[in-house]
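Work through the exercises below with the sequence and the model at hand, and try each task before reading its solution.

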Amino acid sequence: MEIICTESRWLLPGLTGLGVVAVVLFFSYRRKSGMPVRLRWLAAILKLLGFALLLAFILKPKQVKRINPPGVNHWAILVDDSASMSLKDQSESRARGDRLEELFPAEPKAWQRQLEQEFMVETYRFDERLRLKQPEVPLTFDGSTSSLGQALEKLKNRYEGRPLAGVLVVTDGSPTDSLDDVKDLPPVFPVVIAPEQSLQDLAIAGLVAQDTLFEDAPLIVDVTVRGSGLAGRNFKVSIHEVGGKQLAEKTQKLDQDSGVQLIRFQVRPEARGVVFLEAKVALEGSEELFEATLRNNSRLLATNRENGPYRVLYLAGRPNFEHKFLQRALDEDAAVRMTSLLRIARREPKFDYRGREGERSNPLYRGFGDQEEAERFDEPVFLRLRTQYPGELAGGFPRTPEELFPFEAVIIDDVEAGFFDYEQMRLLQRYVSERGGSVMVLGGMESLDMGAYADTPIGAMLPVYLESGTPAGEPVAGRFDLTREGRLEPWIRLRATEEEEQKRIRKMPTFPNVHLLSGIRPGATSIGKLDTEFGSSPALAVRRYGRGRTAVLALADFWRWGLQDTKSQEDMGKAWRQIARWLLADVPRPLSVEIESEAEAASGATINTAVLGEDFQPSESGKVQLRVRRPDGNWTQLSATPHPEKAGVYATQFKASASGTYLAEASTRASAERAAMTAEAGWVVNTSQSEFASMEPDMPAMQALAASTGGRVLEPKDLNSFVRNLDQLPLPIEETRAEPLLNSPLWLALALICFVGEWALRRWKQLL
């Protein structure tokens, strides 16, 4: 509001005249000695005020107001229709939804009528989506989420180009999405409806799983249990496979101070690959205890564990017991297939040894097949076991990426560096650094420092220095032990506790032939050590090299461990399987699926399918078929389109419309160069858990939303006064009105009263 003068040309003369009058009155009344001082100056002020009012009449001031033109500006009311509004306080029978409906009775309340007189009011309901509220359709309070941020964003888009003056949000104050990204909104006024005290409830607040390389417990599952008003109560937590058996169960007491408890499980699911787990929590006790809701007492989780098939290439310089026990151990892992290449005869100098007259092939092959194709004296003789197709590895160790890269790991045992030519060594380097494969070198009699690997491409990528520390003469014996770093690595431990693990290690035999190495390279990790009469030396060391991994086991006869007794043989087999799983972990697969989703809400999921070519570089030529299994068991076929930014990746959007488990399956067809491939990944939608994650309103979020938009948080009892004072709110469209300020006879009467009052004071003191 502002004041303007329509006769502003009289302002300066009028003020000048008023100033002259003030001076004359000052000197005139100062000389009147017949009146008391206070009365004298009161009379002067009354006369001056009378002249001032006359001047105001001459200037004709007007009051300029900005008013809301009725029916021009819009106002939106959002009411929360989610399931959390059905919660009841244990101290009363009314739910939050009942309190909300009291604000919107069939006969509109005074604040509603006044709001509708001044604005175009539209009422919306929101849960996982925003929609217009029909007067004849009651609120159901069964929405799976309270997506307030999304609702405000859609409301802003809906009113784009229209004058929206403000938004009144009636909610329980517990949104399930973020409000930080909501920008450029009109003033938002949250009306928070929630119980005055905390509700009594038990819930699973968090559920995460971590893959391990423990054979007995490949998954570590952490369950966070939150209790409100139940501190000190006993509760039971269990882990189940969805559609399967119970895996574990524990009973604990809720923390007295925080009401939050973390429970860790180590479980071994029966299912392989993608595993869906469900955690459940329940109060323990015979008496019935009130809980605000039971819908947050369970939670779903998806774990995407690679299930193979993995291929391991084992290369040995001679047949040995290590191969026998390693093959026997890996045969128990259905996801791992080991192909062996065993050298049974070394390469001999060309034409130095002959059999019969004119015979150039190795006599070992005499009488078997085509002698022209048999290995000659200048070629080593190999035994190939468990190859995938007849001609695989027919020429010995691979010489091209197409032969080597299909394997995820390579184990080299008792082979000297001279076995490889330079191109094969460089290929192994590329296999690790570019393809992302794993290479492990075992400490056979002609391996590591004894095999002249020190200045070779293979030696350069190993985690240890290969300058020999082994004294000449008799072999060196040593005992195996874990380093401090090794005790922290799950893939090398076989027992649940450190004490049991140390007891197991003390029972391991002394290995009669070990390699004494000078140390590990920078960036490598020493997992195990050897204690010998010459000091300590690395026994098991690992290193990240490019995209892959390398490892060294500096023992010549690791198999001796399993000869002690049946338990030792079982431990050795488990150790080999866990080491193999470590070698295979994180190795890039030719076809993989990754899910990007907001797993706690019924929202869209992005399914990324990555395809690698035969050289294991991103490929865009392969066609991918994609389908998704929904919670009801039905499959939906999807089209995979190339990712706009990532080579070799196909991105697909999928709308998860219901709570439950989802499985994405990608597949490629077989071609002349490659067999058909299939990859899977899963995710879950926990709508109920996110909706009931909090039993109390998030007042900081509500206050931040109101403050960022120029609104404020209200209580239901404040609505009448709030609507009455809406004229103080800046509006998108306003009208300007100028009304005369002194157009009433009252102002003239007031001026007359001032003059009469001054005259009355002088008359009273007989100063006329």
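Buried means under 20% relative accessible area, exposed means over 50%, and partly exposed lies in between, with a 1.4 Å probe and protein chains only. The model is predicted, so that local features need pLDDT of at least 70, side-chain atom pairs count only at pLDDT 80 or more, and totals for chains, interfaces and linings use all residues. Residues are numbered from 1 along each chain as its sequence is written, and side-chain values use heavy atoms, with hydrogens and water left out.

**Exercise 1.** Find Asn513 and decide whether Asn513 is buried or exposed.

Solution. Begin with strand E21 (residues 511-514), where Asn513 lies; strands are DSSP runs of E with at least two residues, helices are runs of H or I with at least four, and both are numbered from the N terminus. Next, take the relative accessible area of Asn513, which is 14%, so Asn513 is buried. Finally, list the contacts (heavy atoms within 4.5 Å): leaving out residues up to four places away in sequence, Asn513 touches Met445, Pro475, Val476, Leu555, Ala556 and Asp557.

**Exercise 2.** Compare the settings of Arg386 and Ala452, starting from the phi of each.

Solution. Most residues other than glycine have a negative phi. Arg386, however, has a positive phi near 60°, and the phi of Ala452 is likewise positive and near 60°. Then place them: Arg386 sits in the loop between strand E17 (381-385) and helix H7 (401-404), whereas Ala452 is in the loop between strand E19 (438-442) and helix H9 (457-461). Last, Arg386 is partly exposed because its relative accessible area is 40%, while Ala452, at 57%, counts as exposed.
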